[in-house]
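Biologist: Please take one part of this model and go through it closely. I would like its pairing partners, its surroundings and the charged contacts, in one connected account.

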Amino acid sequence: TSPAAATILDEDAMGTNSATALATQQSIKAYADRPARHIQIMTAGFLKNFSSSVSKFYIPLYSNLENATATNEKNGFVAPYNGKLLKIMHRTSGNFSTKTVDFTLETISRNAAFSSTINVLETVQVAGPTNDTTDPNMVVANFVGGSGTNAFTAGDHVMIGIEYNATHGSSSAKYFFTLVFEFDVSGEA
């Protein structure tokens, strides 16, 4: 009798998870060489008066200062690896559900002077948070699959801008953010 013919699968992600099929050499190599991903969660918060004027602000990442001008600190970070911004979750101490908010993923390229032009990679607009009994009581800006790019390069200075479309009724509201980044750490030993 001849041995039974084995099923041979050519799938780089090994998604079938078969206990009886064989994988091609190319599939095994692609699976072993796949990039290593690391999810990084950052949190930030600040108190800001948007009751009389509206302008772009920068979410304070690894800093305690906010500044809306491009010549000062942008409260960003230098990307340690190539990465992507996946999403931003946002809550406030006021009900801003009648407003919209634009979140921008911005960079200064790693090979450009700090005073260089800021690159806006992606803008995502969402309704403002409710701060009432609505569930969920937050908004999520999803940066995956938008019209721009959510990807940045190692060494880029990464910043997140926030801009409401209208003034608020609250003179001083508290703003809270959770940002989810994905970093490609495949080059690490």
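Modeller: Strand S5 (residues 77-78) is joined to S11 by two bridges, and the two run antiparallel. Opposite Phe77, on the S11 side, stands Val158. This is a predicted model, and S11 is the part to look at closely.

S11 covers residues 157-164. Seven of its eight residues are buried, so the strand is mostly covered by the 20% cut-off on relative accessible area. S4 (residues 57-58) also pairs with S11, in the antiparallel sense, over two bridges. There, Tyr58 has Gly161 of S11 as its bridge partner. Strand S7 (residues 100-108) is joined to S11 by eight bridges, again antiparallel. Thr107 stands opposite Val158 in that pairing. Val158 therefore faces Phe77 and also Thr107, by the bridge assignments.

Now step to Glu106. Its place is in strand S7. Glu106 counts as buried because its relative accessibility is 1%. Leaving aside neighbours within four places in sequence, its contacts include His157, Val158, Met159 and Gly161. Lys56 and Tyr58 are also in contact with Glu106. So are Ile118, Asn119 and Val120, by the heavy-atom contact cut-off of 4.5 Å.

Two of those neighbours meet Glu106 through polar side-chain contacts. One is Lys56, at 2.7 Å. The other is Tyr58, at 2.9 Å. Tyr58 is thus a polar partner of Glu106 as well as the bridge partner of Gly161, each under its own criterion.

The Lys56 contact also appears as a salt bridge. The side chains of Lys56 and Glu106 meet at 2.7 Å, N to O. The pair links distant parts of the chain: Lys56 sits in the loop between S3 and S4, Glu106 in strand S7, 50 residues apart. Lys56 counts as partly exposed because its relative accessibility is 23%. In general, side chains of opposite charge can pair when their charged atoms come close.

A search of the whole structure finds three salt bridges. Away from S11, Arg37 takes part in a network of salt bridges with Glu182 and Asp184. Arg37 and Glu182 meet at 3.9 Å, N to O. Arg37 lies in strand S3 (residues 37-48) and Glu182 in strand S12 (residues 173-184), so this pair ties together parts 145 residues apart in sequence. Arg37 is partly exposed, at 46% relative accessibility. Glu182 is buried, at 17%. Asp184 and Arg37 meet at 3.4 Å, N to O. That pair also links distant parts of the chain, with Asp184 in S12 and Arg37 in S3, 147 residues apart.

Next, the setting. The protein chain has one helix and twelve strands. From the N terminus, two strands come before the helix, and the other elements after the helix are strands. Buried residues make up 34% of its 189 residues. Among contacts between residues at least 6 apart in sequence, 72% join residues at least 24 apart.

Last, confidence. The mean pLDDT of the protein chain is 82, and 82% of its residues reach 70 or more. Helix H1 (residues 25-32) has the lowest confidence, at a mean of 77. Strand S10 (residues 151-152) has the highest, at 96. Where pLDDT is low, the predicted coordinates should not be read in detail.

Key: Residues are numbered from 1 along each chain as its sequence is written. This is a predicted model: local features need pLDDT of at least 70, side-chain atom pairs count only at pLDDT 80 or more; totals for chains, interfaces and linings use all residues. Side-chain values use heavy atoms; hydrogens and water are left out. Buried means under 20% relative accessible area, exposed over 50%, partly exposed in between (1.4 Å probe, protein chains only). Helices (H or I, at least four residues) and strands (E, at least two) are DSSP runs, numbered from the N terminus. A polar contact is a pair of N or O atoms within 3.5 Å; within protein, one must be able to donate a hydrogen and the other to accept it, and residues adjacent in sequence count only if both atoms are side-chain atoms. pLDDT is the predictor's confidence in each residue, from 0 to 100. A salt bridge is a side-chain nitrogen of Lys or Arg within 4 Å of a carboxyl oxygen of Asp or Glu.
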